[in-house]
Amino acid sequence: MKVVILCGGKGIRAFPFSEYMPKPMMPVGGAPILRQIIRLFVEAGFTEFVLAAGHRKSVIDDYFSGKDVGGNVQVIDTGENADTGDRIYACRDLLGDRFIATYGDGLCDLPLPELVKFHDSHDGVGTMTCVPLYSQYGVIDIQEDGRIDQIREKPHLKDKWINAGFFVFNKAVFDDWEGHNLESHVLPHLIRQGKVYAYRHNGFFKSLDSYKDQQEFEDLIAGQRLPWLRTAHNTA
């Protein structure tokens, strides 16, 4: 089962780093986050990767050339300015009857075989991994008379779910692929037809969108915590 990873965007929120290389090449624990993503898939038994590249593709080519990452890596030029949906669609002939798709900037302790098993249990063409919304602010609980009960510092809002960016699709999804952006066009179109199911995951998830996120990743690693891996040994 192949894994297509979106790693061709310009990563505007990671500027100026992304001026020189793709955001998925930002380092986390001594290696690009893209390498860490591949590592979590390899650990779960997935070894076939298609990297949907674009912006600064040569940097990805150079990094993976001759490198043993525990699996086969194919880097595809999906266009400098292509949108997320277009990048996956450009790789469609390289993927099997079903495949996993994910972004090149997020790590999760998702039980990937269980995700695939859930996907196979329903009649949709797609499965989206959803995690509880993590508030970046403290949340204040207030009584009717205005008295403050408590401040909860950056809690998970467990009744609100967000897209964690780990998908399973059947190849048939391309028969009804509409629009250019995965989040704004393709998925809403499929959801309106009842073809996408949610896999709820309550574990670790974090994306790398800024220098602050990078430092939070490094703090986890400095504390010898790699929650996205079941076996936390060498991070390089």
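Which residues do ring pairs link into a cluster? In this predicted model, the cluster consists of Tyr89, Phe99, Tyr103, Phe167, Phe169, Phe174 and Trp177. The structure as a whole holds 14 aromatic pairs. One of them joins Phe99 and Phe169. Their rings lie 5.7 Å apart, centre to centre. The planes meet at 45°, and the pair is tilted. This contact links distant parts of the chain. Phe99 belongs to strand β6, whereas Phe169 belongs to strand β11, which spans residues 156-170. The two residues are 70 positions apart. Phe99 has a relative accessible area of 0% and is therefore buried. Phe169 is buried as well, at 1%.

A second tilted pair is formed by Phe204 and Trp228. Here the centres are 6.0 Å apart, and the angle between the planes is 35°. Phe204 lies in the loop between β12 (196-200) and β13 (205-207). Trp228 lies in the segment after α7 (211-222), so the pair ties together parts that are 24 residues apart in sequence. Both Phe204 and Trp228 are buried.

Trp228 also figures in the nonpolar interior. In soluble globular proteins, nonpolar side chains tend to be buried together. The largest nonpolar core of the model has 37 residues. Phe41 and Trp228 make the most contacts inside this core. Several elements give two or more residues to the core. Among the strands these are β1 (2-7), β4 (48-53), β7 (106-108) and β11. Among the helices they are α2 (33-43), α3 (57-64), α5 (112-121) and α7. The largest share comes from α2, with six residues.

Helix α2 is mostly covered. Of its 11 residues, nine are buried. The buried set includes the nonpolar core residue Phe41. Ile33, Leu34, Ile37, Ile38 and Leu40 are also buried in α2. So are Arg35, Gln36 and Arg39. The helix is followed by Gly45, whose phi is positive, near 100°.

Charged side chains also meet aromatic rings. The charged end of Lys67 sits over the ring of Tyr63, at 4.5 Å from the ring centre. A second contact of this kind involves Arg200 and Trp161. The charged end of Arg200 is placed over the Trp161 ring, 5.9 Å from its centre.

Nonpolar residues also appear at the surface. Ile140, Ile142, Ile148 and Ile151 make a nonpolar surface patch of about 410 Å². Strands β9 (139-142) and β10 (148-152) each supply at least two residues of this patch. Ile140 is located in strand β9. Its relative accessibility is 45%, so Ile140 counts as partly exposed; the exposed class begins over 50%.

Asp93 passes that limit. Its relative accessible area is 66%, and Asp93 is therefore exposed. Asp93 sits in the loop between α4 (84-90) and β6 (98-103). Asp93 and Ser207 are 114 residues apart in sequence. In space, their C-alpha atoms are 28 Å apart.

Conventions. Residues are numbered from 1 along each chain as its sequence is written. This is a predicted model: local features need pLDDT of at least 70, side-chain atom pairs count only at pLDDT 80 or more; totals for chains, interfaces and linings use all residues. Side-chain values use heavy atoms; hydrogens and water are left out. Helices (H or I, at least four residues) and strands (E, at least two) are DSSP runs, numbered from the N terminus. Buried means under 20% relative accessible area, exposed over 50%, partly exposed in between (1.4 Å probe, protein chains only). Patches are made of residues with over 30% relative accessible area and no salt bridge: like charges are joined within 9 Å, nonpolar side chains (Val, Leu, Ile, Met, Phe, Trp, Tyr) within 5 Å. Accessible areas come from the Shrake-Rupley method with a 1.4 Å probe; for residues, only the protein chains shown count as cover. A salt bridge is a side-chain nitrogen of Lys or Arg within 4 Å of a carboxyl oxygen of Asp or Glu. Rings of Phe, Tyr and Trp (its six-membered ring) pair if their centres lie within 6.5 Å; planes under 30 degrees apart count as stacked, over 60 as edge-to-face and the rest as tilted. A charge sits over a ring if NZ of Lys or CZ of Arg is within 6 Å of the ring centre and within 35 degrees of the ring normal. A nonpolar core is a set of buried Ala, Val, Leu, Ile, Met, Phe, Trp, Tyr and Cys residues joined through side-chain atoms within 4.5 Å.
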